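Here's a quick briefing for anyone meeting this structure for the first time. Have a look at the sequence and the model, then read on for a few helix contacts worth finding.

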Amino acid sequence: MSTAITPGEPNYVDPHSASYVDEGAGPAWRRSATPAVELATTERALTLDRVRLHIPDTHRSPRKRPAQLADALDFWMFAGAAANVAMQFAHQGVAAGVMESPVESGALMVHPWKRLRTTSAYLAVAVLGTEEDKLAMREAVNSAHRQVRSRPDSKVKYNAFDRNLQMYVAAAIYIGFEDTHQLLCGKMTADELEAFYQGSDTFGTTLQVHPDMWPKTRAEFDEYWLDACKQVVCDDEFRAYIDDLLHLRMVHWSIRLLFGSLLRFLTAGFLPPHFREQMAIEWSPTDQRRFEHLFLFVGFVNRFIPKFIRFSGTNSMMRDVRGRIKKQRALI
């Protein structure tokens, strides 16, 4: 595991270091030697179908090649952005850090458009960026994360440099990529999922997550996620915060009037059942059918939209990031 070998980097080894980060215990993703029968009767009450989105097994045209992460940078990826943010915030430690953060310049509910730009930039750099791009983004995020840590009166202990929390956020981001791509292009086979998954550790390693922490296979990722979702427990304070997000209370009323209903529908649809239950969001079988039919239609239409249009937003974001790096302007 890394230590603070450069100024501004956290130290995870030396408790006497000024940059030392005392991490909480993170869920283990490696296969357990405990018999399956015993696991079923102990803590593992959650099942994958409750913590992952249902992807309909609808016939689509065969893929010409296995999909890769970069193929999911289609502009439709942002259809589930609010749901993915809500999934990240649903972890108790992440939620506490976001709601108590003193860094107002990057607060979603205060500066939503800036937060959208910086998050989009991070995703573009993580998937498409060079090592130099990723280093610049990492240093920019570090500057904000240094200020985010729990106070003595905080209900939950947290530190934005905690790699276990960053691992959870990175895993949620990967799930957003995988789910959106499958809804648009069809359910992937086990082999296709494995090919798509490889390289996804970039979402964590662009921050502080050590490569050894990231599950090596897609099956092991499922084990990690199932265990991590035990930390998804929402209280009334968090539900009120998410309600503001779902109802777009951070943007102008005219935007809420035009897109509010659609965003609420998409956000609820992109949330797995366990997350909806914790957030007290109602969702019926009829809603599920409407959601799946919508993306069956969108996926069909998307085939006829030129690729340079569908990926123009991400490519533009990469140009903006590299321009900012060249001119030494702030990335976040």
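Let's start with a pair of helices: α7 (residues 163–185) and α10 (residues 218–228) pack at an angle of about 120 degrees, and their axes sit 11 Å apart. Keep in mind that this is a predicted model. The chain it shows has 16 helices and 0 strands.

**Where α7 meets α10**
- An angle of about 120 degrees falls outside the 65 to 115 range for roughly perpendicular and is not over 145, the cut-off for roughly antiparallel, so α7 and α10 are oblique to each other.
- The crossing of α7 past α10 is left-handed.
- On the α7 side, the contact is made by N164, M167, Y168, A171, A172, Y174, I175 and E178.
- On the α10 side, R218, F221, Y224, W225 and A228 take part.
- Sort the residues of this contact by class and you get 10 nonpolar, 1 polar and 2 charged.
- If the spacing of such residue numbers looks familiar, here's the background: an α-helix has 3.6 residues a turn, so residues three or four places apart point the same way.

**Where α3 meets α11**
- Next up are α3 (81–89) and α11 (236–246), which pack at an angle of about 165 degrees with their axes 11 Å apart.
- That angle is over 145 degrees, which makes α3 roughly antiparallel to α11.
- This time the crossing is right-handed, with α3 passing α11.
- From α3, the residues A82, V85, A86 and F89 meet F238, Y241, I242 and L245 from α11.
- By class, the α3 and α11 contact comes out as 8 nonpolar residues, with no polar and no charged ones.

**What's tucked away in α4**
- Which residues of helix α4 (residues 92–100) are buried? They are G93, V94, A95, A96 and G97.
- The cover over those buried α4 residues includes α3, α7 and α11, so you've now met these helices in the contacts above.

**The chain as a whole**
- The chain runs to 332 residues, and 48% of them count as buried.
- Take the contacts between residues at least 6 apart in sequence: 76% of them join residues at least 24 apart.
- About 17,200 Å² of the chain is exposed, with carbon and sulfur atoms supplying 58% of that area.

Definitions and conventions: Residues numbered from 1 in each chain as written. Predicted model: local features only at pLDDT ≥ 70, side-chain atom pairs only at ≥ 80, totals over all residues. Heavy atoms only, no water. Axes fitted to C-alpha atoms, helices over the stretch in contact; angles between N-to-C directions. Helix = DSSP H or I, 4+ residues; strand = E, 2+ residues; numbered from the N terminus. Parallel < 35°, antiparallel > 145°, perpendicular 65-115°, else oblique. Left-handed = near helix turned anticlockwise from the far one by under 90°. Contact = heavy atoms within 4.5 Å. Nonpolar A, V, L, I, M, F, W, Y, C, P; charged D, E, K, R; others polar. Buried < 20%, exposed > 50% of the residue type's maximum accessible area, 1.4 Å probe, protein only. Areas by Shrake-Rupley, 256 points an atom, 1.4 Å probe, with all protein chains shown as cover.
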